[in-house]
Amino acid sequence: MTEDSAKERILCAAEELFAESGFEATPTSRIAERAGVPKGLVHYYFRRKSDLLAALVDRLPDEQIEPATVVVPGDLAGSLRRLVVELDRRFTGSLGLSHLLWREADTHHVVREALADRFQQLVRLVHSVIVGAAGGRLAVADVDSASGLLARAVSHRHATARHSRDDRPAEFDGELTFLANALSSKVRKAAPAD
């Protein structure tokens, strides 16, 4: 057994057991048993059980999307829609882990801080897409507000996606279109007269 494979098995076991039984109800001995490793090895890699949660945050799908892959200059709604589709695609592959971490964020500051960092990355990403699509013709305050609003909407949607009744793609697309139209009207007002 290589060091990497043992650590990976521990993380996989922790993810499964935390999802099944919850963090507090899962002793490290069960994680070790599920991973097929000695209990001491769990503590060798992860000094405290909460360190496992912090490591699981790093297993969330990468939300680093190169803005150029979704931005079409002049098409604000389409650019934001492509961004959300890509974020949804990446998120769908980690539903269980995402829900587990959102749940544990209430009681574990390490998880809460890691998710807060990811949220700020998402705000910056949305900001870049808006600026790229609008060509820098929007006031910074408007871009900041719209970026925060859309990032919150996407985060909320992902946090509650396990409740299928809460996820209404058509409704979300309507909200995204409303936001894009509001920004586009400001772009038109800012454009110099012919």
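In what follows, a residue is called buried when its relative accessible area is under 20%, exposed when it is over 50%, and partly exposed in between, as computed with a 1.4 Å probe on protein chains only. The structure is a predicted model, in which local features need a pLDDT of at least 70 and side-chain atom pairs count only at pLDDT 80 or more, whereas totals for chains, interfaces and linings use all residues. Residues are numbered from 1 along each chain as its sequence is written, and side-chain values use heavy atoms, with hydrogens and water left out.

The structure holds three aromatic pairs, where rings of Phe, Tyr and Trp (its six-membered ring) pair if their centres lie within 6.5 Å, and where planes under 30 degrees apart count as stacked, over 60 as edge-to-face and the rest as tilted. One of these joins Y44 and Y45, whose ring centres are 5.1 Å apart with planes at 70°, so the pair is edge-to-face. The rings of Y45 and F46, with centres 6.4 Å apart and planes at 55°, form a tilted pair, and ring pairs thus link Y44, Y45 and F46 into a cluster. Within this cluster Y44 is exposed, at 58% relative accessibility, whereas Y45 is buried at 18% and F46 is buried with a relative accessible area of 5%.

Charges are also placed over rings, a term used if NZ of Lys or CZ of Arg is within 6 Å of the ring centre and within 35 degrees of the ring normal. The charged end of K49 sits over the ring of F23, 4.4 Å from its centre, and that of R157 sits over the ring of F172, 4.6 Å from its centre.

A search of the whole structure for cavities (sets of points on a 1 Å grid over the protein atoms alone where a 1.4 Å probe fits but cannot get out) finds one of 30 Å³ or more. The largest cavity has a volume of about 210 Å³, taken as the space filled by probe spheres set on the points, which are joined across faces, edges and corners. Its lining (residues with an atom within 4 Å of a point) comprises 16 residues, of which E63, F91, W102, R118 and H158 lie nearest the cavity centre. The largest share of this lining, four residues, comes from α7.

R118 is found in helix α7 (residues 109-134), helices being DSSP runs of H or I of at least four residues, numbered from the N terminus. R118 counts as buried, at 16% relative accessibility, and, leaving aside its neighbours within four places in sequence, is in contact (heavy atoms within 4.5 Å) with V57, L60, P61 and E63.

How values were computed. Helices (H or I, at least four residues) and strands (E, at least two) are DSSP runs, numbered from the N terminus. On a 1 Å grid over the protein atoms alone, a cavity is a set of points where a 1.4 Å probe fits but cannot get out, and a pocket is an open set with protein on both sides within 12 Å along at least five of seven lines; lining residues have an atom within 4 Å of a point.
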